[in-house]
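Me: I've got this model open and want to go through a few spots with you. Can you take my questions as they come?

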Amino acid sequence: MKFVNRKALASALIACLCWGVFARPNTAEDAVKQNIFVEPVRGITDDFIRGVDISSLYEIEKCGGKFFDDDGSEKDLFAILKTHGVNWVRLRVWNNPTNGGGSNSVEVDIPLAKRAKDAGFKLLIDFHYSDSWADPAKQYMPKAWKDLNEKELNAAVESFTRDALKKFIAAGARPDMVQIGNELNNGFMWPLGKIWGDKGEKAGGFEGFTNLLKSASRGVRSAQGSIIDKLMRKDKKIKIVIHLADGGKNELYHSVFDEVVKAKVDFDVIGLSFYTYWHGSVNDLKRNMNDLADVYGKELCVMETAYAFTEDDGDSQGNVFQIYSGKTDGYLPSVQGQATAVRDVINVVAGVKGGLGVFYWEPAWTVVKGAGLSNSEGNTWENQGMFDFTGRALPSLAVWNLVGGKGQVKNKWGGSASNGSSFVPYALGEPVKVTTGPGKEPVLPKFGKVLFTNDKENQIQIVWEKHDWSREKAPKTVELKGKISGSDFVPICFVEITNRVNLIEDNSFESGNLGKWKLDGDGAACFVEDNKGNARNGKYTYKYWLGKGFKSSLSQTFTGLANGTYEASIWAMGGGGEKEISLRARDFDGSKIVKTEIVNSGWKNWNQYKLRIPVKDGKLTLQIFLDTNDGNWGNFDDVELYRVE
């Protein structure tokens, strides 16, 4: 079947008429009005998991949250999800939650699970073995278990798992799959279940970790074989999942699953979290999953993924989503971009041997006062929902049907979703800007990030038109046209000709690496960070952070300079409290050193610091010097060095 992408054709026409279009994310207000296209996934089956985690639903509904279908009518969330192609529901379980965040105790989850089952969904239960959020950064022991020894803890894990599942089964909400832990990169139930302890910390290591996994697994199997389960005439095996984050990191998965398999832990499925803005490209996910399938022979499932439909913030809490573009690819934070990102993850999993499916994390976590991260916090996830901030279903929710070639929708607000293909370039992901001096030929980028009409960004080769730069003697900006093979879209490079040329190459660290900068210090503490939320411009910054104090310097040396006065400057922000941060210059006049002190005053409180340097020896070395206390952090961006006299 051949699909015609009307948006692609229209955008191609616009591209012919408008050179150098730049991509813009859509607003939250306009999200339901978007017209999107989804390319079907070849070979996808009806039983492929198209799952959603809706663990916050109890508190959303308790606090007055509502959901609206494409026709504008208010409906039950399960009914809306069902008509849009979702077939599985995932619910997290906390031992004794007391601080909101969904309040996902066994007692809270059983009615939700029963509603899911009654609506025809299959069910995944995700045990966190914690009283609150558990992820790679925190795996806190439930308060009731914190004083137990190893033997007692293993017994508690087994009995809690068994008894909880028996309650689900007795209520008519028998799980089809169970996670024994959530994102276990470094174990769970710290410290007894922690794999790698910090320096001086006593941790259970792999033996402690795998013993706890065995106890949890026995709890699942015991509930599955219980009398109540047999009376319910359920003989189908409950699949057991062991779940890690960082789904693109093959080395991590081998380091954990080699030991899990060696310890003979009873499990069925390798679960992965994969967020494109944290965990790499979809190609990284594909390589990892194909290798895991070949090496371990287990089924695989992406337990968590998500993407933003807007950059807008629906409350005052701020949002987790900050980054949307890597070095070579990415997605626009738009309804179309969200649908494409989900479709691409589905496409990877559907092509992997033993690939079961994909779960989207919290697509219904809308902006509802009282239903946030905790009792005292708002929501950091609402711009990654598949409903807008008021609970209206977005066109991207139709992706679960459209990957199978069906389920076209048109909504009350003018939006739509249908199948499409043959996506073409329509915009630059970001402006292309180059600076050069009068009469000098600029160094033009060979590749540029280009957005296609499915709002996916790829790095594409660009051939720039010829220009006689020797004749450009006066300061000005030249708009240089480019050509992309096989496309009518015309990218533009803005070449600024100026007498004031910044001598710092890649001054905003947008190459993603240190380049000509030389680091004297700990690379784990000082590095280039890919985080748009921490950048003054672009997406990258020079970042420093370590739990303990350290000293370092990042330097770049310049030679062959004309003698005279130069000005260096840098933008900085951070938490503050360092012994010293300074921008320094040396080697410009014998052994002299000049510096300007940098004082950070909080996140996103960017300040510029300047330094005058009288060069007499035709050279200088510029340094970013750090002498920190424990836990200090900060970011640097937009470094400049000009000759001023």
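Me: Glu-201 first: how accessible is it?
Reply: Glu-201 counts as partly exposed because its relative accessibility is 32%. Buried means under 20% relative accessible area, exposed over 50%, and partly exposed in between, using a 1.4 Å probe and protein chains only. Keep in mind that this is a predicted model, where local features need pLDDT of at least 70 and side-chain atom pairs count only at pLDDT 80 or more, while totals for chains, interfaces and linings use all residues. Residues are numbered from 1 along each chain as its sequence is written, and side-chain values use heavy atoms, with hydrogens and water left out.

Me: What does Glu-201 form a salt bridge with?
Reply: With Lys-194; the closest N and O atoms are 3.0 Å apart. A salt bridge here is a side-chain nitrogen of Lys or Arg within 4 Å of a carboxyl oxygen of Asp or Glu.

Me: And is Lys-194 buried or exposed?
Reply: Lys-194 is buried, since its relative accessible area is 6%.

Me: How many salt bridges are there by that rule?
Reply: The count is 39. One of them joins the side chains of Glu-304 and Arg-90, at 3.3 Å from N to O. That pair links distant parts of the chain: Glu-304 is in strand 8 (residues 299–305) and Arg-90 in strand 3 (residues 88–93), 214 residues apart. Helices (H or I, at least four residues) and strands (E, at least two) are DSSP runs, numbered from the N terminus.

Me: Are Glu-304 and Arg-90 buried or exposed?
Reply: Both Glu-304 and Arg-90 are buried.

Me: What about Glu-597, which partner does it have?
Reply: Glu-597 forms a salt bridge with Lys-595, with the closest N and O atoms 3.6 Å apart. Glu-597 is partly exposed, at a relative accessible area of 40%, and Lys-595 is partly exposed as well, at 41%.

Me: Which residues do shared salt-bridge partners join into one network?
Reply: Asp-53, Arg-90, Asp-126 and Glu-304.

Me: Switching to pockets. How much space lies in the second largest pocket?
Reply: About 1,500 Å³. The search runs on a 1 Å grid over the protein atoms alone, and a pocket is an open set of points where a 1.4 Å probe fits, with protein on both sides within 12 Å along at least five of seven lines; lining residues have an atom within 4 Å of a point. The volume is the space filled by probe spheres set on the points, which are joined across faces, edges and corners.

Me: Which residues lie nearest its centre?
Reply: Asp-135, Ala-137, Lys-138, Trp-278 and Val-320, out of 47 that line the second largest pocket. Strand 3, helix 9 (276–279), strand 21 (526–530) and strand 27 (602–615) each supply at least two lining residues.

Me: How does that lining split by class?
Reply: The lining of the second largest pocket has 17 nonpolar, 13 polar and 17 charged residues. Ala, Val, Leu, Ile, Met, Phe, Trp, Tyr, Cys and Pro count as nonpolar, Asp, Glu, Lys and Arg as charged, and the others, Gly among them, as polar.

Me: Now strand 28. Is it mostly covered or not, and how many of its residues are buried?
Reply: Strand 28 (residues 619–627) is mostly covered, with eight of its nine residues buried.

Me: What does strand 28 pair with?
Reply: Strand 23 (residues 551–559) runs antiparallel to strand 28 and is joined to it by nine bridges, and Ser-552 has Leu-626 as its bridge partner there. Strand 25 (residues 580–586) also pairs with strand 28 in the antiparallel sense, over seven bridges, and Arg-584 stands opposite Gln-623. Two strands pair if DSSP finds at least two bridges between them.

Me: Last topic, backbone oddities. Which peptide bond is cis?
Reply: The one from Trp-190 to Pro-191, with omega near 5°. Pro-191 is in the loop between strand 5 (177–180) and helix 6 (205–224).

Me: What is phi of Asp-455?
Reply: Near 60°, a positive value in a residue other than glycine. Asp-455 is in the loop between strand 15 (447–452) and strand 16 (456–461), and it is buried, with a relative accessible area of 3%.

Me: And phi of Lys-604?
Reply: Phi of Lys-604 is near 70°, again positive in a residue other than glycine. Lys-604 lies in strand 27 and is partly exposed, with a relative accessible area of 42%.
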